[in-house]
Amino acid sequence: VQLQASGGGLVQVGGSLRLSCAASGNIFETAVMGWYRQAPGNQRELVARMTRGGTTTYADSVKGRFTISRDNAKNTVYLQMSILKPEDAAVYYCNVRTVPSENVFAGSWGQGTLVTVSS
């Protein structure tokens, strides 16, 4: 499966951004679509994920501020980020996998899109 992510950029504290990631290829690998992020010096971490059936999981740090959604017909996952904080700055990676897993490195990955939050 191939993933094409877009939507990163520079935003001020308190602002919003929307990330998109379109998957192509073997759609059976897109049962779970999600977003991870990695800031310099930090480990890659789950931001949010969503199953094809609509079950969502969020990191505690983004609950109430970020919303994940997906369009199964388009094999596309979105991440609406609001009330952005400096600690949200990172490279965001789209991820797809066949089952939910706590293994951060499982599945297939997009190329990463940089989110910068300025104060």
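**Exercise 1. Over the face of which ring does Arg-44 lie at 4.6 Å from the ring centre?**

Before solving, note that the model is predicted, with local features requiring pLDDT of at least 70, side-chain atom pairs counting only at pLDDT 80 or more, and totals for chains, interfaces and linings using all residues. Residues are numbered from 1 along each chain as its sequence is written, and side-chain values use heavy atoms, with hydrogens and water left out.

*Solution.* A charge sits over a ring if NZ of Lys or CZ of Arg is within 6 Å of the ring centre and within 35 degrees of the ring normal. Arg-44 lies over the face of Trp-109, at 4.6 Å from the ring centre. Arg-44 also lies over the face of Tyr-93, where the distance to the ring centre is 3.9 Å.

**Exercise 2. Describe the ring pairs that link Tyr-36, Tyr-93 and Trp-109.**

*Solution.* Step one is the rule: rings of Phe, Tyr and Trp (its six-membered ring) pair if their centres lie within 6.5 Å, and planes under 30 degrees apart count as stacked, over 60 as edge-to-face and the rest as tilted. By this rule the count comes to two aromatic pairs. Step two takes Tyr-36 and Trp-109, whose ring centres are 5.1 Å apart and whose planes stand at 70°, so this pair is edge-to-face. Because Tyr-36 lies in strand S4 and Trp-109 in strand S10 (residues 108-109), the pair ties together parts that are 73 residues apart in sequence; strands here are DSSP runs of E with at least two residues, numbered from the N terminus. Step three adds burial (buried is under 20% relative accessible area, exposed over 50%, partly exposed in between, with a 1.4 Å probe and protein chains only): Tyr-36 is buried at 2%, whereas Trp-109, at 25%, counts as partly exposed. Step four takes Tyr-93 and Trp-109, which form an edge-to-face pair with 6.3 Å centre to centre and 85° between the planes.

**Exercise 3. Place Tyr-36 in the strand pairing of S4.**

*Solution.* Two strands pair if DSSP finds at least two bridges between them. S4 and S9 run antiparallel and are joined by seven bridges, and within this pairing the bridge partner of Tyr-36 in S9 is Tyr-93. S4 also pairs with strand S5 (residues 45-51) in the antiparallel sense, over six bridges.

**Exercise 4. Determine the handedness of the disulfide between Cys-21 and Cys-94.**

*Solution.* A disulfide is a pair of cysteine sulfur atoms within 2.5 Å, and those of Cys-21 and Cys-94 are 2.1 Å apart. The torsion about their S-S bond is about -85°, so the disulfide is left-handed.

Conventions. Helices (H or I, at least four residues) and strands (E, at least two) are DSSP runs, numbered from the N terminus.
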